Amino acid sequence: MAEILKGLPVANALTEKLIARCENLKSKNINPTLAILRVGERPDDISYENGILKRCDKIGIAVKKFVVTQEEILEHIEAINNDKNIHGCLMFRPLPDKNIDKKACEILLPEKDVDCMTEKSLASVFIGNETGYPPCTAEACIELLDFYGIEIEGKNIVVIGRSLVIGKPVSMILQNRNATITMCHSKTKKLPEISRNAEIIIAAIGKAGFVDSKFLSEEQTVIDVGINVNEEGKLCGDVKFDEAEKIVSKITPVPGGVGSVTTAVLAKHVIEAAERS
């Protein structure tokens with residue numbers, strides 16, 4: 001049976017380090033502060049927001065929450081850009097109006113974009129500099145691998161999924177760590193065969209149970225980024241966990257895996273933004 005790579009120990013260890021860094025900033029009269037911008041009352045947004053509030057409170061990060069209309073959001077972003085006491089901004093998106101959504105991403109400063117919503121932040125991930133911040137979920141995958149001592153350098157890694165939220169940025173981060181990456185998607189031919197030859201699989205295709213036993217082999221580490229709801233109304237990942245657990249060496253659960261680390265990574269980005277300021 002596979003070793004289960006739980007996210008909570010990773011998040012807790014990261015949180016403890018962030019508490020010390022936050023206290024150091026406060027000793028210099030810098031109070032790390034996150035602005036949250038939300039349009040509407042979507043249950044999944046509110047659930048994620050509540051997790052962020054709990055994590056920030058534990059670390060000592062101040063949070064300013066703004067529930068606004070689409071018409072107000074650009075004005076609020078400008079105010080956040082100009083407020084030197086706000087170090088990071090999380091905006092729930094996509095917004096219903098695509099034009100406003102695009103404009104919002106264009107005007108948010110990359111140094112305050114703590115979840116990689118802007119093109120400039122994405123560019124920094126691809127270039128490999130530290131102007132912006134990677135998507136929190138993509139970096140959470142890396143934090144999890146590092147915490148459990150899973151070597152990245154030189155490894156053959158298959159990333160299943162090519163979104164700008166996970167697939168593409170996590171591929172670039174892994175390449176910057178000297179891994180050899182094969183980025184696949186639902187149209188990739190011979191995908192199960194390609195996946196079986198990987199040492200690490202990152203499944204981020206957004207389809208429940210897409211990765212089954214045909215994709216897997218012994219000694220693999222499987223990082224399941226998917227968050228789906230199955231026919232029974234239960235949360236599940238992109239990997240058929242019951243099949244994978246019997247084959248691979250290590251695997252993350254859903255829920256309780258990568259997602260558990262994401263809010264801690266967001267908090268880390270806020271602390272880093274405050275330190276850079």
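# Reading the terms in a predicted structure

Student: Why is Arg42 called partly exposed?

Tutor: Arg42 has a relative accessible area of 40%. Buried means under 20%, exposed means over 50%, and partly exposed is what lies in between, found with a 1.4 Å probe and with protein chains only as cover. Arg42 at 40% therefore counts as partly exposed. This is a predicted model, in which local features need pLDDT of at least 70 and side-chain atom pairs count only at pLDDT 80 or more, while totals for chains, interfaces and linings use all residues. Residues are numbered from 1 along each chain as its sequence is written, and side-chain values use heavy atoms, leaving out hydrogens and water.

Student: What makes the meeting of Arg42 with Asp44 a salt bridge?

Tutor: The term requires a side-chain nitrogen of Lys or Arg within 4 Å of a carboxyl oxygen of Asp or Glu. Between the side chains of Asp44 and Arg42 the N to O distance is 2.6 Å, so the pair satisfies the definition. Asp44 is partly exposed, with a relative accessible area of 43%. The whole structure holds twelve salt bridges.

Student: Where do Glu106 and Lys102, another such pair, lie?

Tutor: Both are in helix α4 (residues 98–107), four residues apart, which is about one turn of the helix. Helices are DSSP runs of H or I with at least four residues, strands are runs of E with at least two, and both are numbered from the N terminus. An α-helix has 3.6 residues a turn, so residues three or four places apart point the same way. The side chains of Glu106 and Lys102 meet at 2.6 Å, N to O. Glu106 is partly exposed, at 45% relative accessibility.

Student: What does the salt bridge between Arg177 and Asp146 tie together?

Tutor: The side chains of Arg177 and Asp146 meet at 2.8 Å, N to O. Arg177 lies in the loop between α7 (167–176) and β6 (180–184) and Asp146 in helix α6 (residues 136–147), so the pair ties together parts that are 31 residues apart in sequence. Arg177 is partly exposed at 33% relative accessibility, as is Asp146 at 37%. Elsewhere, Arg38, Glu41, Glu49 and Lys65 are joined into one network by salt bridges that share partners.

Student: How do you know that Arg55 has no salt bridge?

Tutor: Arg55 is buried in this model, and the nearest side chain of opposite charge, Glu16, is 8.0 Å away. Lys and Arg count as positive and Asp and Glu as negative, while His and the chain ends are not counted. Arg55 lies in helix α2 (residues 43–59). Contact means heavy atoms within 4.5 Å; not counting residues up to four places away in sequence, Arg55 touches residues including Asn12, Thr15 and Ser260.

Student: Is Ile152 buried or exposed?

Tutor: Ile152 has a relative accessible area of 2%, and is therefore buried. Ile152 is found in the loop between α6 and β5 (156–160). Its contacts include Ile142, Leu145 and Leu174. The C-alpha atoms of Ile152 and Leu174 are separated by 7.2 Å, although these residues are 22 apart along the chain.

Student: What makes α7 mostly covered?

Tutor: Seven of the ten residues of α7 are buried, among them Val170, Met172 and Leu174. What covers the buried residues includes α5 (119–127), α6, β5, β6 and β7.

Student: What makes a nonpolar surface patch of about 300 Å²?

Tutor: That patch is made by Ile227, Val229 and Leu235. Patches consist of residues with over 30% relative accessible area and no salt bridge, like charges being joined within 9 Å and nonpolar side chains (Val, Leu, Ile, Met, Phe, Trp, Tyr) within 5 Å. Ile227 is exposed, with a relative accessible area of 56%, so it passes the area limit.

Student: Which residues form a positive surface patch?

Tutor: Arg162, Lys168, Lys187 and Lys207 form it. Lys207 is partly exposed at 40%, and its place is in the loop between β7 (200–203) and β8 (221–224).

Student: What is the phi of Cys116?

Tutor: Phi of Cys116 is near 55 degrees, a positive value in a residue other than glycine. Most residues other than glycine have a negative phi, and most peptide bonds are trans. Cys116 is buried, with a relative accessible area of 9%. A cis peptide bond joins Arg93 and Pro94, with omega about 10 degrees.

Technical notes
Areas by Shrake-Rupley, 256 points an atom, 1.4 Å probe, with all protein chains shown as cover. Charge placed at Lys NZ, Arg CZ, Asp CG, Glu CD.
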